[in-house]
Amino acid sequence: LKDDTLSVSMVAESKLDRGILYLLIPLVFLIPVFFIPTLNIEASKGVLLSTIVAVSFFLWLVARMKEGSFTLPKSLLLLTGAGIPTALLLSALFSEVKHVSLIGLGYETGTFAMVLICFLLMFLGAVFFQKQSRIFYFYSALFTSFVVVLLCQIAIIMLNIWNVIPVNILATLPGNLLGKWADLATFFGLVTILSLVGIELISIRKIFKIFLILILLLSLLSL
């Protein structure tokens, strides 16, 4: 009976962990391309990021409680990263406008709440993307999203040049899917760096290396 109970517990835990992966990998794809028409792009991405990260972290806590132990990744980078939300929390508590400093007015990136969400995402990434197979899924989701963003950006530029859509409608469309042009450039730069990392440091088949080289060239041209 004890062995059966342990077996059921392990299955339940693995299902929770798989559920977290099923949330995180689509998030990698969705963050660059997702937006809600009734909200600005930054707020749209904030809603998506906050919701998925909060649910994923809650599921991770439940899975660890079922397991009966918490195993944390040994990472100096992760430990250093924890100092950023801690410093922001202390700063917000001594601020004259605590509410704005803590949670902001609508998913601003510089608030304690959003920085904490980003740190939790970093933590979950360190926990779940250690195996090469999972890193492959991460790369696949990110680079697929890159291709979508690039094609959409080309389409937006072409629509502006050819005047296919009336100006009053075109003016309502976002200039790019990332929001600010600096964010778009940062995304392309991230893809460039991760492409180089994949080419130089990850052992992959020749066909995938050729794909990474192609992505690297496209991201460099996009910059």
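**Helix 10 and the nonpolar core**

On one side of helix 10, Lys-206, Ile-207 and Leu-221 are exposed (over 50% relative accessible area, 1.4 Å probe, protein chains only). The opposite side holds the buried residues (under 20%). These are Leu-212, Ile-215, Leu-216 and Ser-219. They cover an arc of only 105° around the axis, taken from the directions from the helix axis to the C-beta atoms, and therefore lie on the same side of helix 10. An α-helix has 3.6 residues a turn, so residues three or four places apart point the same way.

The model is predicted: local features need pLDDT of at least 70 and side-chain atom pairs pLDDT 80 or more, while totals for chains, interfaces and linings use all residues. Numbering runs from 1 along each chain as its sequence is written, and side-chain values use heavy atoms, without hydrogens and water. Helices are DSSP runs (H or I, at least four residues), numbered from the N terminus.

Helix 10 comprises 17 residues (206-222). At 1.5 Å times one less than the number of residues, it should span 24 Å. Its end C-alpha atoms are 24 Å apart, which agrees. The buried residues of helix 10 pack against helix 7 (132-162) and helix 9 (181-201).

The largest nonpolar core (buried Ala, Val, Leu, Ile, Met, Phe, Trp, Tyr and Cys joined through side-chain atoms within 4.5 Å) has 40 residues. Phe-128, Val-149 and Phe-187 have the most contacts inside it. Helix 6 (112-128) supplies the largest share of this core, eight residues. Phe-187 is among the buried residues of helix 9. Phe-187 touches (heavy atoms within 4.5 Å) Pro-32, Leu-142, Ser-145, Phe-146, Val-149 and Leu-178, not counting residues up to four places away in sequence.

Terms used. Helices (H or I, at least four residues) and strands (E, at least two) are DSSP runs, numbered from the N terminus.
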